Amino acid sequence: MKFGVIVFPGSNCDLDAYHLVRDVLKRDVEYIGYDRRKLGNFDVVILPGGFTYGDYLRSGALAARTPVIEALAGFANSGGLVLGICNGFQVLTEAGLLPGALCRNDSLQFRCRQVYVRVETNTLAFTGKAKNGDVLKMPVAHGDGSYYAPPELLRDLDDNGQVVFRYVDRDGRISEAANPNGSTANIAGIANRRGNVVGLMPHPERAGERALGSVDGLVLFRSLIGHLQDREVAGNG
Amino acid sequence: MAERDSKNNAGRQDKIWRKLGLKDFEYAMIVDQLGREPNPVELNMYSVMWSEHCSYKHSRSSLKLFPTESPRVVQGPGENAGVVDIGDGYAAVFKIESHNHPSAVEPYQGAATGVGGILRDIYTMGAQPIAFLNSLRFGPPDNDRGRYLLRGVVAGIGGYGNCVGIPTVGGEVYFEPCYRGNPLVNAMCVGVMPLERLVLGQACGEGNLVVLAGARTGRDGIHGVTFASEELSEQSEKDRPAVQVGDPFLGKLLIDATLEAVEKKLVQGVQDLGGAGLTCALTETASRAGTGLEIDLDKVPLREEGLEPFEILTSESQERMLFIVEPEHLSGLEDIFRHWQLPLTVLGRVTKGRLVRIFYRGEIVAEVPAESVAGGAPAYEPEGREPDYYRELSSFDPLSLPPLKDPGRVLLNLLSSPDIASKEWVWQQYDYMVRTCTLQGPGGDAAVIRLRESGKALAVAVDGSGRLTYLDPYLGGMLAVAEATRNVSCCGAEPIGITDCLNFGNPEKPAAFWQFRRAVEGMAEACRVLEVPVVGGNVSFYNEVEDEAIYPTPVVGAVGLLEDAGRHCGPGFKEEGDAICLLGPEEVSLGGSQLLKVVHGRVAGRPAGIDLGMEKKVQALLCRLVARGLVSSVHDLSEGGLAVSLAESCMAGGRGAVIELPLSTDPDLALFGEGPSRAILSLPEKNRDQVIEMAEEAGVELRVIGRVGGDALDICCGGGRFLKLRLDEMKKAFEEVFSWMMS
């Protein structure tokens with residue numbers, strides 16, 4: 001089982017994702033350069049947070065045009081698991097691997113704080129170890145995190161169970177105050193239709209150690225590990 | 001060649017040095033040191049390097065008072081940043097610097113490039129930056145201009161720091177009318193590195209290559225250091241072009257590329273390009289190494305055609321680094337920079353002798369002795385004179401004021417005053433968690449950053465009170481050092497070094513210089529007694545607009561070491577039933593207090609004095625108590641006194657407290673008076689006797705004053721109720737006012 005973390009020029013949460021997988025989850029992990037045309041042998045590829053290419057054009061737009069993205073698209077199309085966190089989510093939408101777009105926060109300011117998100121679907125490889133309705137505490141840190149989907153897309157996302165997380169209050173209730181960026185329908189994270197590509201604005205890799213204030217982010221990674229282990233067992237049997 | 005030029009130009013210059021900020025006497029010194037008249041290019045080089053900003057000509061003799069050594073100090077002042085040994089083969093590298101003038105005319109870019117500049121100082125030494133802090137001063141946010149400056153500065157700090165991926169973990173923001181036209185923006189950066197990786201800004205090794213990397217050079221920030229060395233005026237708006245423009249994305253790539261080059265030992269010397277640009281980097285690296293340089297200006301990658309040699313030499317374009325490289329390592333360095341798509345150009349080489357020789361289009365355009373340009377400026381001993389206000393203000397007796405009628409209301413007013421109110425509106429715009437090492441972020445006494453390599457942690461804090469330094473500069477200097485080091489002690493960390501940013505008025509005015517000199521003397525005395533060295537810093541003079549100076553504002557950045565990252569302490573009350581203790585001396589004063597400022601609108605009186613010996617005992621005791629895990633919370637007592645600190649500990653922990661003070665006290669003074677060397681502790685009942693015993697042994701007063709519990713802060717004095725406020729009332733006052741004010 002091997003995790004990969006893509007490093008784009010301007011990625012800055014690559015270290016955090018790498019550290020969590022290696023030192024907390026004790027799994028194999030490797031960095032993947034933005035200029036690679038072949039991915040290599042990975043089970044999960046993480047697109048970390050940061051400010052790729054300074055986010056100077058649109059957040060994630062330039063990173064979505066780097067050589068590694070073509071390889072990533074091939075990986076995703078063949079069912080590989082892809083997790084985009086924060087800027088990584090923005091890159092995935094810009095690359096067309098996830099639908100919708102991420103716009104400026106409604107406050108027009110960068111926001112760094114703890115938020116609560118509710119698990120909306122646990123049928124994915126990313127959430128299998130959570131229960132629907134579980135409330136997870138994780139931080140956000142972004143300026144362009146307001147997820148936007150036009151009405152017809154929103155309907156599709158709902159119908160297909162593609163909304164993975166929504167911002168809620170501590171008790172799991174959806175409210176405007178619980179939404180740090182003004183996203184459509186309090187959406188914090190979504191999946192593609194096949195369910196093997198997920199992007200979210202909150203940082204699960206920052207919520208993986210008690211010393212940092214929350215371990216709720218671990219459920220994502222433990223779900224992925226569990227899913228891969230089940231697959232291995234199934235493959236061997 | 002150069003000599004002939006200078007003769008030709010001598011007549012035409014027409015005391016041009018005055019326009020460049022040099023005095024006639026200084027020009028004469030340049031002619032003397034050079035042995036001839038400088039040509040215009042050389043004069044430009046001298047003028048930026050002999051500016052106050054670069055040469056410290058009015059502060060140098062005073063700064064010698066600071067103790068700069070300890071067994072831990074690896075590198076003191078003089079390099080890009082201070083380096084302190086933290087054990088296990090690692091060092092902490094840190095420095096604070098001002099960017100006041102640029103931020104006054106262009107708040108976003110001024111603050112952003114302040115952050116970028118201090119960041120370069122840290123990784124230039126070979127250290128991985130791990131945290132930013134900042135200390136900000138503004139006029140009251142009661143008008144559009146004030147809010148514009150605050151908004152712009154905060155956005156600029158976040159814009160740069162968030163993008164480069166270094167967390168902004170702490171800081172302070174204060175408001176006084178004197179900062180209205182001249183805000184203060186002091187940025188601090190802390191880094192960590194293996195000691196063996198240390199590189200210095202030295203151009204050593206004859207024949208080594210001089211390499212420029214990073215951004216192209218443009219016309220921004222020309223004579224920025226000269227602009228920083230004058231008073232601000234109505235005309236300063238036109239100096240906007242003297243403000244540099246930051247590119248944090250390029251900055252992030254430069255960090256990664258530079259640290260990779262250092263790790264692979266491909267570079268002999270590293271120097272960032274900041275104030276005074278290429279001129280500073282060239283002459284300082286040569287001067288430190290005692291070498292010369294030959295530089296071809298035609299090789300400098302330019303943003304636009306037609307830059308004059310003097311512009312290329314003094315441009316402060318951001319995100320540039322200078323490397324001294326052995327020829328055989330050039331291709332390795334080029335590989336790294338190619339991967340990050342960063343330009344890298346060989347400008348010339350290191351030579352014997354001590355001349356920096358600059359070629360442009362095949363001709364020598366400047367030929368100057370490095371030591372003369374970088375270190376030949378005069379050191380002034382300006383006249384200092386006690387200003388008239390000093391005695392008048394200190395004769396005011398705050399105890400002559402009538403007793404408070406409604407102490408609860410007063411506490412709410414204090415909690416919602418801009419100085420004390422929660423600064424979440426500010427720090428939620430900073431990514432304070434990236435790198436996942438922030439164990440305690442903004443809002444506490446100090447931030448705590450774990451060190452993955454060793455299981456240890458650093459506690460970092462910035463502190464300084466302009467108001468108290470104005471009322472008593474010597475005391476204010478002592479308090480700045482004591483308060484910053486106490487803040488890290490409250491987290492359980494042993495202070496191991498400080499960096500200072502000295503923000504003052506025009507040193508050529510006797511009153512301003514007196515304030516400066518007295519404050520430095522006070523700081524030096526505190527450092528000596530507390531045994532904490534100054535390892536670097538920055539002086540910012542000329543903080544005046546239209547003849548009105550800011551409060552003298554020494555800001556201290558303190559770094560403390562925690563042996564066990566798992567044993568650190570925060571300010572919030574944690575457990576119902578814990579005993580609440582007041583640690584430290586009883587002496588407090590309302591002189592210069594927040595109560596006096598907020599309720600009575602006065603800045604006057606004598607602040608409580610400090611017994612530095614007692615301060616040292618208190619700090620050492622705090623470290624021991626936290627290290628042994630005997631206390632649940634520790635919170636420093638500062639602005640607003642005991643009442644405000646109790647309220648903050650209640651709010652931080654989401655728990656109330658019942659406090660009982662003895663009848664003998666004057667409650668207004670005891671609860672709102674301010675004094676140094678004090679902290680509030682909360683601790684489990686079972687540890688009580690042991691803690692009391694330890695305090696007795698240490699010779700520090702400790703009084704049990706109450707108990708954690710309930711959902712209100714309930715303070716009684718001699719049996720009668722002094723005030724009672726519900727948690728939610730206090731939180732509303734404390735948390736909501738700032739965002740309301742800024743919206």
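The following paragraphs lead through a predicted model of a complex, from its confidence scores to its interface, a sheet in chain A and helix packing in chain B.

For the complex, the predictor reports an ipTM of 0.97 together with a pTM of 0.95. Within chain B, the average pLDDT is 94, and 97% of the residues reach at least 70. Residues 1–12 of chain B, by contrast, have a pLDDT below 50; in the model this stretch has 15 contacts beyond near neighbours in sequence.

The contact between the chains draws 21 residues from chain B and 22 residues from chain A. On the side of chain B that touches chain A, α9 (144–164) and α11 (248–263) each contribute at least two residues. By class, this side of chain B consists of 11 nonpolar, seven polar and three charged residues.

Chain A contains an open sheet of nine strands with mixed pairing, in the order β2-β1-β3-β4-β11-β10-β9-β6-β7. Its edges are formed by β2 (28–33) and β7 (135–142) of chain A; each has a single partner strand, so one side of each lacks a neighbour in the sheet. On average, and ignoring direction, neighbouring strands of this sheet are turned by 25° against each other. Strands of a sheet pair through backbone hydrogen bonds, and the pairing is either parallel or antiparallel. One pairing in chain A joins β6 (residues 111–119) to β9 (residues 163–168): these strands run antiparallel and are linked by four bridges. For V119(A), the bridge partner in β9(A) is F165(A).

The helices of chain B can be followed through their packing. Two packed helices are described by the angle between their axes and by the distance between those axes. Helix α23 (residues 612–627) of chain B takes part in two of the packings described here.

In the packing of α20 (residues 473–490) of chain B with α23(B), the axes come within 9 Å and cross at roughly 15°. The two helices are therefore roughly parallel, since an angle under 35 degrees counts as such. The crossing of α20(B) with α23(B) is left-handed. From α20(B), the contact uses M478(B), A482(B), T485(B), R486(B), S489(B) and C490(B), while α23(B) provides L612(B), E615(B), Q619(B), L622(B) and C623(B). These residues comprise six nonpolar, three polar and two charged.

Helix α23(B) also packs with α26 (residues 688–698) of chain B, at an angle of about 150° and with the axes 10 Å apart. This angle makes α23(B) roughly antiparallel to α26(B), and the crossing is right-handed. Here α23(B) contributes K617(B), A620(B), L621(B), R624(B) and L625(B), which meet V691(B), M694(B), A695(B) and A698(B) of α26(B). Seven of the contact residues are nonpolar and two are charged, with no polar residue.

A further packing in chain B involves α17 (residues 407–415) and α24 (residues 641–653), whose axes lie 10 Å apart at an angle of about 70°. The helices α17(B) and α24(B) are therefore roughly perpendicular to each other, and their crossing is right-handed. The contact is formed by L411(B), L414(B) and L415(B) of α17(B) with A643(B), V644(B) and A647(B) of α24(B). The contact of α17(B) with α24(B) has six nonpolar residues, no polar and no charged ones.

Methods: Residues are numbered from 1 along each chain as its sequence is written. Chains are lettered from A and ligands numbered from 1 in the order in which they are written. This is a predicted model: local features need pLDDT of at least 70, side-chain atom pairs count only at pLDDT 80 or more; totals for chains, interfaces and linings use all residues. Axes are lines fitted to C-alpha atoms, for helices over the stretch in contact, and angles run from 0 to 180 degrees between N-to-C directions. Angles under 35 degrees count as roughly parallel, over 145 as roughly antiparallel, 65 to 115 as roughly perpendicular and the rest as oblique. A crossing is left-handed if the near helix is turned anticlockwise from the far one by less than a right angle, and right-handed if clockwise. Two residues are in contact if their C-beta atoms, placed from the backbone, lie within 7 Å. Ala, Val, Leu, Ile, Met, Phe, Trp, Tyr, Cys and Pro count as nonpolar, Asp, Glu, Lys and Arg as charged, and the others, Gly among them, as polar. pLDDT is the predictor's confidence in each residue, from 0 to 100. Two strands pair if DSSP finds at least two bridges between them.
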